Amino acid sequence: MSTGLRPDATELGDARRRVEALVAGLPGGRPGEQAFNEPWEIRAFAMAVAAYSNGQYEWSEFQLSLIESIRQWEQGGRDPDAAPWSYYEHWLTALETVLAGSGLLSESMLDERTKQVLATPRDASHQHAHREPVAVDLPLR
Amino acid sequence: MSEQVRSQEEIAARVKALESILIEKGVMTTAAVDRLVEIYENEVGPQLGAKVVARAWTDPAFKQRLLADATEACKEFGISGLQGEDMVVVENTADVHNVIVCTLCSCYPWPVLGLPPNWYKEPAYRAQIVKAPRKVLREDFGYDVPDSVEVRVWDSSSEMRYWVLPTPPEGTEGLSEDELAHLVTRDSMIGVGPAASPVS
């Protein structure tokens, strides 16, 4: 009996088409144009879509915030000390902006929580290397 | 917008912090975000692991280096990104089949395999694959490991992350490294499935 661990492929395909219809109108929103390089990028991406789906803001608000963040970076782009290009940093900035706009978030609240996350050791209980198999299923014959 | 340049670690922490705040405020659930991530999880990385496997299938000297020190060998492909954690590749043979898990959380060799699939993080998989590996492979993944083959389960931690070098499928003689890489699935590198067979 299966525990139903795996998602249904057709359902995922449908969900994907809905998300792609949403991002197609964003700068750099054509499928495949902005590949994910880091796990946080895909997380930030998904959060923006989830918060929108939950009715927290209009998609056009997010779109304008994203355009604005990119525009600001382009204007400061000649400064050698300026941040290097990262599409999903703009994405994150846009998400923070629209959430602050609807009163859900303040920068100080987020800064404070970020400090807490950084102060918590990752996988605190799981630091040691396990050098032997954790389980072995011997041959049956 | 903040003007200072943030490290990847700081940004990742900020995203995590944001998610926890939004969940507390009832704006979204972890499950909703996971569902969306699931759509794209295949797009970060697994093709890198596939390239490494295809090279190991065609170049015995590289395979030796990979099995001896996967972290170093992967640098030949420009793969890094792990912060001081070691990667270990375990090889499937005619006698031994390997499968990976993180029993405590979701440690995963993401620079080569991308983001972990959701089921990899589920308590069900983490517990059951250790208790009855052969049974879980058959019942949840439809993957029948022959009775004569030993199944070994490797527990990744934040210090050491395992992944699997699958056996090459039959009928791949004469295929290029590129063509071989297309047969290497994510599941085969987790150890919950075989590499795909070439379409004749």
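## A tyrosine to start with

Which residues does Tyr57(A) touch, not counting residues up to four places away in sequence? In this predicted model, they are Tyr52(A), Phe62(A), Val98(A) and Ser102(A). If you want to find Tyr57(A) on screen, look in the loop between H2 and helix H3 (59-75) of chain A.

One of its partners is a long way off along the chain: Tyr57(A) and Ser102(A) are 45 residues apart in sequence. In space, however, their C-alpha atoms are 7.4 Å apart. Is Tyr57(A) buried, exposed or partly exposed? It has 19 other C-beta atoms within 10 Å, and a buried residue needs 20 or more, so Tyr57(A) counts as partly exposed.

## Chain A as a whole

Now let us step back to the whole of chain A. It contains 5 helices and 1 strand, and from the N terminus on these elements follow the order α-α-α-α-α-β. Chain A has 141 residues, of which 28% count as buried.

Contacts between distant parts of the sequence appear here too. Take the contacts in chain A between residues at least 6 apart in sequence: 69% of them join residues at least 24 apart.

## Where the two chains meet

Chain A and chain B each bring 56 residues to their contact. On the side of chain B that touches chain A, at least two residues come from each of helix H1 (8-24), helix H2 (30-40), helix H8 (123-131), helix H9 (133-141) and strand S3 (150-155). H1(B) gives the most, with 14 residues. Sorted by class, this side of chain B has 34 nonpolar, 16 charged and 6 polar residues.

The chains are also joined strand to strand. Strand S1 (residues 135-137) of chain A and S3(B) run antiparallel, with 3 bridges between them. For example, Val136(A) has Arg152(B) as its bridge partner in S3(B).

## The nonpolar core

The largest nonpolar core has 80 residues. Within this core, the residues with the most contacts are Ala44(A), Met47(A), Trp91(A) and Val99(B). Helix H2 (residues 39-53) of chain A supplies the largest share, 10 residues. Why does the core lie between domain 1 (8-41) and domain 2 (45-190) of chain B? It does so because both domains give residues to it.

Ala44(A) is a good residue to explore next. Leaving aside residues up to four places away in sequence, Ala44(A) touches Tyr88(A), Trp91(A), Leu92(A) and Leu95(A), along with Val15(B) from the other chain.

Conventions. Residues are numbered from 1 along each chain as its sequence is written. Chains are lettered from A and ligands numbered from 1 in the order in which they are written. This is a predicted model: local features need pLDDT of at least 70, side-chain atom pairs count only at pLDDT 80 or more; totals for chains, interfaces and linings use all residues. Two residues are in contact if their C-beta atoms, placed from the backbone, lie within 7 Å. Helices (H or I, at least four residues) and strands (E, at least two) are DSSP runs, numbered from the N terminus. Ala, Val, Leu, Ile, Met, Phe, Trp, Tyr, Cys and Pro count as nonpolar, Asp, Glu, Lys and Arg as charged, and the others, Gly among them, as polar. Two strands pair if DSSP finds at least two bridges between them. A nonpolar core is a set of buried Ala, Val, Leu, Ile, Met, Phe, Trp, Tyr and Cys residues joined through C-beta atoms within 7 Å. A residue is buried if 20 or more other C-beta atoms lie within 10 Å of its own, exposed if 12 or fewer, and partly exposed in between; C-beta atoms are placed from the backbone. Domain bounds come from an automatic or database domain assignment.
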